[in-house]
Amino acid sequence: MNGWMTSPGHKANILNCAFKEIGVGLAQPGGYWTQNFGTAR
């Protein structure tokens, strides 16, 4: 989470109230996290 919040682009997406849905995933091996933000049409 610290890495996302210290990245201007990631932080902007996390704090963007226009996004109403989020998906979070963890890829193994390697421990890579991903986020997917969206809004219903």
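This report walks through the fold, surface and a few residues of one protein chain.

**Overall picture**

Keep in mind that this is a predicted model. The protein chain has 41 residues, and just 5% of them count as buried. Its secondary structure comes to two helices and two strands, and reading along the sequence gives the pattern α-α-β-β. If you want to set up a box, the C-alpha atoms fill roughly 35 × 25 × 10 Å along the principal axes. The accessible surface of the chain is about 3500 Å², with 58% of that belonging to carbon and sulfur atoms. As for contacts between residues at least 6 apart in sequence, 14% of them join residues at least 24 apart.

On the annotation side, UniProt has an unreviewed entry that places the feature "domain: SCP" at residues 1-37. In the model, that span is 32% helix and 35% strand, and its end C-alpha atoms lie 15 Å apart.

**The aromatic pair**

A search of the whole structure turns up one aromatic pair. The partners are Phe 19 and Phe 37, with 5.4 Å from centre to centre and 35° between the planes, which makes the pair tilted. That label follows because stacked pairs need planes under 30 degrees apart and edge-to-face pairs need over 60.

What does the pair tie together? Phe 19 sits in the loop between helix H2 (8-15) and strand S1 (21-27), while Phe 37 belongs to strand S2 (residues 32-38), so the two rings link parts that are 18 residues apart in sequence. Phe 19 has a relative accessibility of 30%, so this residue counts as partly exposed.

**The nonpolar patch and strand S1**

Ile 22, Val 24, Leu 26 and Trp 33 make a nonpolar surface patch of about 430 Å². S1 supplies the largest share of the patch, namely three residues.

Take Ile 22 to begin with, which lies in strand S1. Is Ile 22 buried or exposed? Its relative accessibility is 53%, so Ile 22 counts as exposed; the cut-off for that class is over 50%. Setting aside residues up to four places away in sequence, Ile 22 touches Asn 36 and Phe 37. The C-alpha atoms of Ile 22 and Asn 36 are 5.5 Å apart in space, although the two residues are 14 residues apart in sequence. Phe 37, then, is a contact of Ile 22 as well as a partner in the aromatic pair.

Val 24 is another patch residue, and this valine is also found in strand S1. Not counting residues up to four places away in sequence, Val 24 touches Trp 33 and Thr 34. Trp 33 is itself one of the patch residues.

**Two residues of strand S2**

Gln 35 is found in strand S2. At 19% relative accessibility, Gln 35 counts as buried, because the class takes values under 20%. Which residues does Gln 35 contact, leaving aside its neighbours within four places in sequence? They are Trp 4, His 10, Ile 14 and Gly 23. His 10 and Ile 14 fall within the range of helix H2 (8-15), and Gly 23 within that of strand S1 (21-27).

Gly 38 also has its place in strand S2. With 23% relative accessibility, Gly 38 counts as partly exposed. Leaving aside its neighbours within four places in sequence, Gly 38 is in contact with Phe 19, Lys 20 and Glu 21. Phe 19 thus appears again, here as a contact of Gly 38 and earlier as half of the aromatic pair.

**Some C-alpha separations**

Here are the C-alpha pairs side by side.

| Pair | Apart in sequence | C-alpha to C-alpha |
|---|---|---|
| Ile 22 and Asn 36 | 14 residues | 5.5 Å |
| Val 24 and Gly 38 | 14 residues | 12 Å |
| Val 24 and Gly 9 | 15 residues | 17 Å |

**A cis peptide bond**

One more thing to check in your setup is the backbone around a proline. Pro 29 is found in the loop between S1 and S2. The peptide bond from Gln 28 to Pro 29 is cis, with omega near 0°. In general, most peptide bonds are trans.

Terms used
Residues are numbered from 1 along each chain as its sequence is written. This is a predicted model: local features need pLDDT of at least 70, side-chain atom pairs count only at pLDDT 80 or more; totals for chains, interfaces and linings use all residues. Side-chain values use heavy atoms; hydrogens and water are left out. Rings of Phe, Tyr and Trp (its six-membered ring) pair if their centres lie within 6.5 Å; planes under 30 degrees apart count as stacked, over 60 as edge-to-face and the rest as tilted. Helices (H or I, at least four residues) and strands (E, at least two) are DSSP runs, numbered from the N terminus. Buried means under 20% relative accessible area, exposed over 50%, partly exposed in between (1.4 Å probe, protein chains only). Patches are made of residues with over 30% relative accessible area and no salt bridge: like charges are joined within 9 Å, nonpolar side chains (Val, Leu, Ile, Met, Phe, Trp, Tyr) within 5 Å. Accessible areas come from the Shrake-Rupley method with a 1.4 Å probe; for residues, only the protein chains shown count as cover. A salt bridge is a side-chain nitrogen of Lys or Arg within 4 Å of a carboxyl oxygen of Asp or Glu. Contact means heavy atoms within 4.5 Å. UniProt positions are given in the numbering used here, feature names are shortened, and annotations may be inferred rather than shown by experiment.
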